[in-house]
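Got the model open in your viewer? Let's start with one pair of helices and then zoom out to the whole chain.

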Amino acid sequence: MTASTDDYPRLDVIAVGAHPDDVEIACGGTLARLVHQGYHVGIIDLTDGEPTPKSPGPEVRLAEAQAAAAALGVHQRITLDLPNRRLFDSFEARVALAKEFRKYRPKIVIGFGDKTPLASPDHWQAMLITYAAVFYSRLTKWDEHFDGLPVHAVSAQLYFRLAFEPQTLVGYPSHFTADISETLETKIDSIRCYATQFPPEKEYVFDRIRGAAMLAGAASGFQAGEVFVSARPLGTRDLVKTALPI
Ligand SMILES: [Zn+2]
């Protein structure tokens with residue numbers, strides 16, 4: 001029997017993080033801009049990020065994540081109950097994420113594209129899980145694993161950069177920069193919602209995030225930007241608009 005997706009609004013873009021705040025740091029400015037442009041945008045956190053050193057508990061982290069989603073204006077934020085700190089690419093994790101793709105039917109999925117040296121190894125596992133879930137989402141003759149949800153083919157997959165990854169993600173050549181000049185402050189505001197993660201003594205993090213966005217933007221002629229990598233070479237039907245976005 002096929003389950004209905006009527007209860008789930010269709011999303012244009014879903015960004016996947018391992019922990020609440022990953023997506024905001026990596027591409028919050030772009031998501032806020034997509035919302036302004038009228039696209040339907042969602043965030044999926046694979047874990048609730050708990051335990052973590054300075055948080056009183058999961059309810060607080062969840063409230064921070066919802067506040068951050070509201071700051072960005074995204075339409076959905078889903079927190080899966082996979083385990084923080086011991087997140088591993090597994091059949092169950094792949095299926096859990098693929099079910100969300102089947103429900104919300106995104107055209108584009110954005111997620112991790114590489115290891116993040118000196119940061120959480122959950123990020124690399126999130127990359128593996130996301131990569132597999134995009135594929136599992138479209139597989140037929142496997143409905144019993146997906147609560148009968150209909151298959152959904154994701155059209156494009158992009159990788160974001162959290163800041164720590166190497167400049168060239170797993171050898172993919174199609175880097176591009178999204179203009180976030182008008183939404184950089186919204187991005188910063190959304191990250192500030194994570195008060196347990198960024199107390200006053202970590203104020204320097206915001207300078208680094210702002211600096212990284214301005215540097216990335218400057219390279220492409222924007223005031224601020226976020227860098228992405230396309231899993232396949234990007235095409236264009238309007239060479240002028242692509243070459244001269246401003
Ligand atoms: Zn993280």
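Select H5, residues 184-192, and H6, residues 204-219, and hide the rest for now; this is a predicted model, and the axes of these two helices come within 11 Å and cross at roughly 150°. Angles over 145 degrees count as roughly antiparallel, so H5 and H6 are roughly antiparallel to each other. Now check the hand: H5 passes H6 in a right-handed crossing.

Next, turn on side chains. Which residues of H5 meet H6? On the H5 side, pick Leu 184, Glu 185, Lys 187, Ile 188, Ile 191 and Arg 192. Facing them from H6 are Phe 206, Ile 209, Arg 210, Ala 213 and Met 214. Try colouring this contact by residue class: you'll get seven nonpolar residues, four charged ones and no polar ones.

Time to bring back the full chain and switch to cartoon view. You'll find seven helices and seven strands. Trace them from the N terminus and the order reads β-α-β-α-β-α-β-α-β-β-α-α-β-α. The radius of gyration is 17 Å, close to the 18 Å the globule rule gives for 246 residues, so the chain is as compact as a globular protein of that length. Spin the C-alpha trace around: along its principal axes, the span is about 50 × 50 × 30 Å.

Last stop, colour by burial. Of the 246 residues, 50% count as buried. If you draw a contact map too, look far from the diagonal: among contacts between residues at least 6 apart in sequence, 81% join residues at least 24 apart.

Notes:
Residues are numbered from 1 along each chain as its sequence is written. This is a predicted model: local features need pLDDT of at least 70, side-chain atom pairs count only at pLDDT 80 or more; totals for chains, interfaces and linings use all residues. Side-chain values use heavy atoms; hydrogens and water are left out. Axes are lines fitted to C-alpha atoms, for helices over the stretch in contact, and angles run from 0 to 180 degrees between N-to-C directions. Helices (H or I, at least four residues) and strands (E, at least two) are DSSP runs, numbered from the N terminus. Angles under 35 degrees count as roughly parallel, over 145 as roughly antiparallel, 65 to 115 as roughly perpendicular and the rest as oblique. A crossing is left-handed if the near helix is turned anticlockwise from the far one by less than a right angle, and right-handed if clockwise. Contact means heavy atoms within 4.5 Å. Ala, Val, Leu, Ile, Met, Phe, Trp, Tyr, Cys and Pro count as nonpolar, Asp, Glu, Lys and Arg as charged, and the others, Gly among them, as polar. The radius of gyration is taken over C-alpha atoms; the globule rule is 2.2 Å times the number of residues to the power 0.38. Buried means under 20% relative accessible area, exposed over 50%, partly exposed in between (1.4 Å probe, protein chains only).
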